[in-house]
Amino acid sequence: MDRFVTRSKPQTTRKSSTSSSSKATYERPAKKQRIEVIKNEDLEESISPLSSGDDSGESKPDNKLPKLEDPDVSAKDLDLYETEPNSTYHQTAIESALPTVSDDQQAIQEYELIKASQGSDKAGQKARNETLARIDSRSWVPGQSSIYVDAFNLALDTVLEDEIHLFNDKEKRVFGQWRALTYEAQYLYVRLFLRKTASWHRLERLKSYTDVSDVELAITSLLQPRILPDDPRDDCGDGNQTEEVEEVHLGNTFTFADDSDSYIKTVEEAASLLSLDELKSLAKDAKVQGKNKAGLIKAICRMSAQQAGLMSFGLRRTSTNGSVESNDSQESGRSLSNRDSNRNAHFMAKILAITGPLVRLSENIFKLFERVHLVFYRSTEWTEKSLTTIILAKMSKRNFPEYLVCRSSNIFATRRDLVEFENAMRREYDVDKVLEFNGPPGEQGFLKILDIFEGISGRWRQLLVEEKHKEENVYEFGEGGYLRRFNAAHAYTRIAHKAADALGRLHRYQDEHELLSELLAQRLFHPARRGSWYQRKALLEEHYMWKDDPNLGSKSLDAKKKQWWQRALTTCEQALQDRDCHLIYHYDLQKRLKKLEKRLSIPRRLQHDFGHLRLQEPEEQTVHGIQLIRDDPDAKGKAGGAPSTKTIWLDELGEPGEDGEPQHVSVEEMCLSYYRSQGWKGYHSEGGILRTLFAYLFYDILFVYIPNVFQTAFQTCPLDLFTDAFYPARASEINHRLVELANGGAEALIRKVDEKERERRTCVVGLNWDFELEDLVELVNCFGGEALAAVCKVMAQDYRARGGGVPDLILWRTTRGEKTPAEANSSGREGEVLFAEVKSANDRLSDTQRLWIHVLTGAGVRVALCNAVAKEVRTIG
């Protein structure tokens, strides 16, 4: 695969520290993901088409670039390994499903210590002595086992054992040659494999890898040409397929790596390998200038093309007349050609003298191993942490849920399916590159997206028909929802979604409407997007379609409008009845439906009544406290950034510190103390307690048998939980559970799971065993069944996207003794629940926070905007 694959250092998250007390507070998690949502403002006045999102239809990862942390590479060397601009970072599927493990260098060294100590009995004492020496020096003896190599080979061995039919004879020969490499050559390759695609690496800097005692010998091994057998067969051929599939073919020889002498031929390519300081030095010698790295490279290339540097080349100075005359002579033409060659050679020699020898991984072999990892991880994304997490999870002494592990070989039935999926991902990456990586796309960018869609639209429609046949005749256990994510049509459907966006931007509303209708006609791919497709389709029908509809003949303008308004009303009704239209879209669809009914003068008795679902505005509450400001006028973030937005407050109502004085706390903890003083119980957990409740209430459904979603025995959730395939694959079980919750069955479910799993502290996604059982039982009883079911349904429909935006504080108080049994039974509650979103000065609600406020108020749960106001500001040292 090409650069559409992300192999980046994953973001680190802060661990929550809690106590078992009901008064415990929870640290705010790491920065939440940005999420694509439909805003609450009425959409009909906006002509902007569908917004873009990731393949789940909801999530938009945070684009903040993480630090590269590598103990073997010094900070000054990190310029070699810069990640691509605008890359996105988030947990991969395999990382999300595995437990949080200690993946720091100490854990990795412990693993390598175990492996190194497993030598033969004959060399046992020597190995143990060497191990002790490594511990003392915190350095591994070169040539010993590495977790990175072990994980890389684990992926390769697993794929070749289960899915070897996806690879041809030449590729199998490459794998055989890989096994014949020395440990040091394998180690160096794997570490470079985890770096940026197609990067050149300086030989001198690779010597910092302490596991490689002789870097030059390892590189020589990787550069050695190896012979492959002739293979005249077309492995992707299929008599039933008419679409050609692009394939990367291996030649008769290959190398694992390339050297700079053979592949770097231009000054521009060589200059791009220099750091900014090195470019400045070279530019100073060449007497050229540039404002930045790109400008300096351009100036140096211009110099190499225009200025001879005659003295350095040993050439004679000629007169102007001689130069003019020479333009017509063949001999002078050859001289100029040689001179150009000498100029380039001069600058190339200078640049390569600075960099020294360089090496990069061979592109075709690199793509081959990417294909292996795609098959192993069932994902186009993996990171260094992905490689090590499985092994570290296996080492950890933890208890995992009981489920049936099923790693089947039918993810890709044939090699052609795999290659076509790769090509589809490349086309999808091409679209994303236009939209996200080069600024606003403009008209030309949108036209390019439409060209890409036209190129795949025929095959897309063919695959939709094929997949519908499989759903009706092949899939038996709901496995189709997850398997479809590895079908080329999954990527093609997302391209179609982006194409609809482009058509709207180009004001081609008729074509956009037809494509949206086609997207809604299929129900198998990207079901999480159906709500946004309905919204956009209804908007077009209400505002634009009547303007240029050629099928309405000579009807009056008012008649045209009413006909299309009726269609928009029908679209809204269909959306609200569609089981795959997520709850978060219902409010806006209901608003549009009510407005259309009024425009069409539908009798009131025939109009829809959504009064029972009418949203309430969040309550406005104010908490006064003492704010603390540090006496540090130069207090800024790291690297001279802006001051931190976190504020410090005096916790007057909370428990005092060890010195008997009020503690210094965050604004959320200060507000929590205030609510506790008013008789509320609660936590500052944001989404943590909801995720815990979801894990309790859907424990058995999370681990029900669905083929292919449990690839290892060390998962805390199914692989499809964070995708839009989770809900459709278990729709029957989930809907039955929601009815059970609405009827008041939450307490029994929680107690049953807790009794079975608490002693083992089973690793389950989202479940925090530090929450007290009785607190959870009280909370669900105060919630009320219907409200709890509504919240759980939103989480089940899109677990990843709904992880952020939950109000900061969750509070409850019981009303036992205050209500008669009849009153309690009629409301289904034993108290009340309050979610509080804490805001200090200049804070504003995000879209994700507004969405959760609407979900909660729509379910009848109280939500408060708690404004923290400083009644006094104190300066501290």
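**Close-up views of the predicted model**

**View 1. Contacts of valine 873 in strand β14.** Leaving aside residues up to four places away in sequence, valine 873 touches Gln627 and Ile629. The model shown here and in the other views is predicted. Valine 873 sits in strand β14, which covers residues 862–876. Its C-alpha atom is 5.8 Å from that of isoleucine 626, although 247 residues separate the two along the chain. Valine 873 has a relative accessibility of 47% and is therefore classed as partly exposed, since the exposed class begins over 50%.

**View 2. Helix α22 and its buried face.** Helix α22 runs from residue 509 to residue 521 and contains 13 residues. From first C-alpha to last, α22 reaches 18 Å, close to the 18 Å expected at 1.5 Å a residue. The buried residues of α22 are Tyr509, Glu512, His513, Leu515, Leu516, Leu519 and Leu520. Viewed down the axis of α22, these buried residues fall within an arc of 165°, so they line one face of the helix. The cover over them includes α19 (442–473) and α21 (488–505), along with α23 (530–543) and α24 (557–577).

**View 3. A nonpolar surface patch that includes phenylalanine 477.** Three residues, Leu404, Phe477 and Tyr705, make up a nonpolar patch on the surface. Together they have about 310 Å² of accessible area. Phenylalanine 477 is found in the loop between α19 and α20 (480–483). With a relative accessible area of 48%, phenylalanine 477 is partly exposed.

**View 4. Helix α6, a mostly covered helix.** Helix α6 spans residues 183–193, and 11 of its 11 residues are buried. The buried residues of α6 include the tyrosines Tyr183, Tyr187 and Tyr189. Glu184, Gln186 and Arg191 of α6 are buried as well, as are Ala185, Leu188, Val190, Leu192 and Phe193.

**View 5. The whole protein, for orientation.** The secondary structure comprises 35 helices and 14 strands. The protein has 877 residues, of which 52% count as buried. Of the contacts between residues at least 6 apart in sequence, 78% join residues at least 24 apart. The accessible surface comes to about 42000 Å², and carbon and sulfur atoms account for 47% of that surface.

Definitions and conventions. Residues are numbered from 1 along each chain as its sequence is written. This is a predicted model: local features need pLDDT of at least 70, side-chain atom pairs count only at pLDDT 80 or more; totals for chains, interfaces and linings use all residues. Side-chain values use heavy atoms; hydrogens and water are left out. Helices (H or I, at least four residues) and strands (E, at least two) are DSSP runs, numbered from the N terminus. The expected span of a helix is 1.5 Å times one less than its number of residues. Buried means under 20% relative accessible area, exposed over 50%, partly exposed in between (1.4 Å probe, protein chains only). The arc is that of the directions from the helix axis to the C-beta atoms. Contact means heavy atoms within 4.5 Å. Patches are made of residues with over 30% relative accessible area and no salt bridge: like charges are joined within 9 Å, nonpolar side chains (Val, Leu, Ile, Met, Phe, Trp, Tyr) within 5 Å. Accessible areas come from the Shrake-Rupley method with a 1.4 Å probe; for residues, only the protein chains shown count as cover. A salt bridge is a side-chain nitrogen of Lys or Arg within 4 Å of a carboxyl oxygen of Asp or Glu.
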